[in-house]
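The following exercises concern covalent and charged links between side chains. Each task is followed by a solution in steps.

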Amino acid sequence: MVLEEKMVLDGEPEDEEEEEEEEEEMVDPLETVRQKCAETEHCVHTMERLEQCETRVGSRSSTAEDCTEELFDFLHARDHCVAHKLFHSVK
């Protein structure tokens, strides 16, 4: 108990909170570029195909179909776009 009281009196926990608030939020450039690439025409088209597949598979009670191909098509299209844009922003 004495140690906890000393920490509160010394102000250490409050100082840590103030430092955390002052630090700027880091933004991952990969996430930013992925989001921009996902909005391109080709990626939007492949995402629509993925969503259609998920709807179709979800509406059936039993099916052997899964949407792996559509998912990989979307990820490939997005990552292809990201690869061309991301490394230009890396120092």
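**Exercise 1.** Determine which pairing results when the bonded cysteines of the chain are numbered in sequence order.

*Solution.* Step 1. A disulfide is taken as a pair of cysteine sulfur atoms within 2.5 Å; by this rule the count comes to 2 disulfides. The model is a predicted one, in which local features need pLDDT of at least 70 and side-chain atom pairs count only at pLDDT 80 or more, whereas totals for chains, interfaces and linings use all residues. Residues are numbered from 1 along each chain as its sequence is written, and side-chain values use heavy atoms, with hydrogens and water left out.

Step 2. The sulfur atoms of cysteine 37 and cysteine 81 are 2.1 Å apart, which makes this pair a disulfide. The pair links distant parts of the chain, 44 residues apart: cysteine 37 is in helix α3 (residues 29-38) and cysteine 81 in helix α5. Helices are DSSP runs of H or I with at least four residues, numbered from the N terminus.

Step 3. Cysteine 53 and cysteine 67 form a disulfide, also with 2.1 Å between their sulfur atoms. Cysteine 53 lies in helix α4 and cysteine 67 in the loop between α4 and α5, so this bond ties together parts that are 14 residues apart in sequence.

Step 4. The pairing is therefore 1-4, 2-3.

**Exercise 2.** State the handedness of each disulfide, and establish whether its cysteines are buried or exposed.

*Solution.* Step 1. The link of cysteine 37 and cysteine 81 is left-handed, with -70° about the S-S bond. The link of cysteine 53 and cysteine 67 is left-handed, with -95°.

Step 2. Buried means under 20% relative accessible area, exposed over 50%, and partly exposed in between (1.4 Å probe, protein chains only). Cysteine 37 has a value of 0% and is buried; cysteine 81, at 14%, is buried. Cysteine 53 is buried at 0%, and cysteine 67 is buried at 13%.

**Exercise 3.** Which cysteine sulfur is nearest to that of cysteine 43, and how far away is it?

*Solution.* Step 1. The nearest cysteine sulfur is that of cysteine 81, 5.7 Å away, and cysteine 43 is in no disulfide. Cysteine 43 counts as buried because its relative accessibility is 1%.

Step 2. The backbone oxygen of cysteine 43 lies 2.9 Å from a polar atom of the side chain of threonine 46. Threonine 46 is in helix α4 (residues 41-59) and is buried at 5% relative accessibility.

**Exercise 4.** Identify what joins arginine 49 to aspartate 73, and give the nearest side chain of opposite charge to glutamate 70.

*Solution.* Step 1. A salt bridge is a side-chain nitrogen of Lys or Arg within 4 Å of a carboxyl oxygen of Asp or Glu. The structure holds 5 salt bridges.

Step 2. Arginine 49 forms a salt bridge with aspartate 73, the closest N and O atoms being 3.6 Å apart. Arginine 49 lies in helix α4 and aspartate 73 in helix α5, so the pair ties together parts that are 24 residues apart in sequence.

Step 3. Glutamate 70 is in helix α5 (residues 68-89). Glutamate 70 is buried yet has no salt bridge; the nearest side chain of opposite charge is arginine 56, 4.2 Å away. Here Lys and Arg count as positive and Asp and Glu as negative, while His and the chain ends are not counted.

Step 4. Arg56 is linked with Arg60 and Glu65 in a network of salt bridges.

Notes: Helix = DSSP H or I, 4+ residues; strand = E, 2+ residues; numbered from the N terminus. Polar contact = N/O pair within 3.5 Å; in protein donor to acceptor, adjacent residues only side chain to side chain.
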